[in-house]
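The exercises below ask how helices pack and which of their residues are hidden from solvent. Please work through each task with the model in view before reading its solution.

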Amino acid sequence: AFLFGNLLLSLIASFLNWNSDIINCTRIFIIYILFNLTGTSIGILRIYNKFKYISYNNIIINSIKLLLCIIGFINKFDMVYFLFIELIVSVFKNIILNISAFYVLHINKLNGWYKCKLVKNKEFFIFNLYSNLVSTLDLPIGHITSFIISSLLGFTELSTYKVFEKIAKIITKL
């Protein structure tokens, strides 16, 4: 995703008529993709009923982010300040989440998992590859429709689309 984001940024930026500021901000924030590895950590914390670690992490990190944003608004910092705050705080949040998962594994004496012999399981590999591919493609596709609608039609139409999208998701779940 990091590689594709960097490779396709110019193409997408020209399609959406982004100016150089938006392109530079996007280029900076693409770095976050490298640190967005939290699925396994969240899974470990859920399996061992350590939801409080996730909650404490979210509360503390988001409180720090709020404080830094208030400081930015008071001092009238530019968009790049807020972008770096979002990037640094989000990366730190994911690092803390991963450390929490390793701590839970250590407490449960599962910290030697990397020493185990690797077993080849073709079905599991295919399932895992397919799941990762689908989730990797779903994220940009889900957001690109919002970019296209808002840039071509406007915010009101995007809001209307989001309402219909949520109604369709509810109907699909039913």
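## Exercise 1: a serine in a helix

S41 is buried, with a relative accessible area of 5%, where buried means under 20% relative accessible area, exposed over 50% and partly exposed in between, for a 1.4 Å probe and protein chains only. This is a predicted model, in which local features need pLDDT of at least 70 and side-chain atom pairs count only at pLDDT 80 or more, while totals for chains, interfaces and linings use all residues. Residues are numbered from 1 along each chain as its sequence is written, and side-chain values use heavy atoms, with hydrogens and water left out.

Task: place S41 in its helix and list what S41 is in contact with, leaving aside neighbours within four places in sequence.

Solution. Begin with the element: S41 belongs to helix α3, helices being DSSP runs of H or I with at least four residues, numbered from the N terminus. Then take the contacts, defined as heavy atoms within 4.5 Å: once neighbours within four places in sequence are set aside, S41 touches L97, N98 and A101.

## Exercise 2: the two sides of α3

Task: determine which residues of α3 are buried and which are exposed on the other side.

Solution. Helix α3 spans residues 39-47, and its buried residues are S41, I44 and L45. Viewed down the axis of α3, these fall within an arc of 95 degrees, so they line one face of the helix; the arc is that of the directions from the helix axis to the C-beta atoms. The cover over the buried residues includes α4 (51-74) and α5 (79-107), whereas G39, T40, R46 and I47 are exposed on the other side of α3. Just after the helix, N49 adopts a positive phi of about 50 degrees.

## Exercise 3: the crossing of α1 and α2

Task: describe how the axes of α1 and α2 cross, and name the residues that make the contact.

Solution. The axes of α1 (residues 2-15) and α2 (residues 20-29) come within 11 Å and cross at roughly 160 degrees, with axes fitted to C-alpha atoms over the stretch in contact and angles running from 0 to 180 degrees between N-to-C directions. The two helices are therefore roughly antiparallel to each other, a term for angles over 145 degrees. On the α1 side the contact is made by N6, L9, S10 and A13, and on the α2 side by I23, T26 and R27. Sorted by class, the contact has three nonpolar, three polar and one charged residues.

How values were computed: Angles under 35 degrees count as roughly parallel, over 145 as roughly antiparallel, 65 to 115 as roughly perpendicular and the rest as oblique. Ala, Val, Leu, Ile, Met, Phe, Trp, Tyr, Cys and Pro count as nonpolar, Asp, Glu, Lys and Arg as charged, and the others, Gly among them, as polar.
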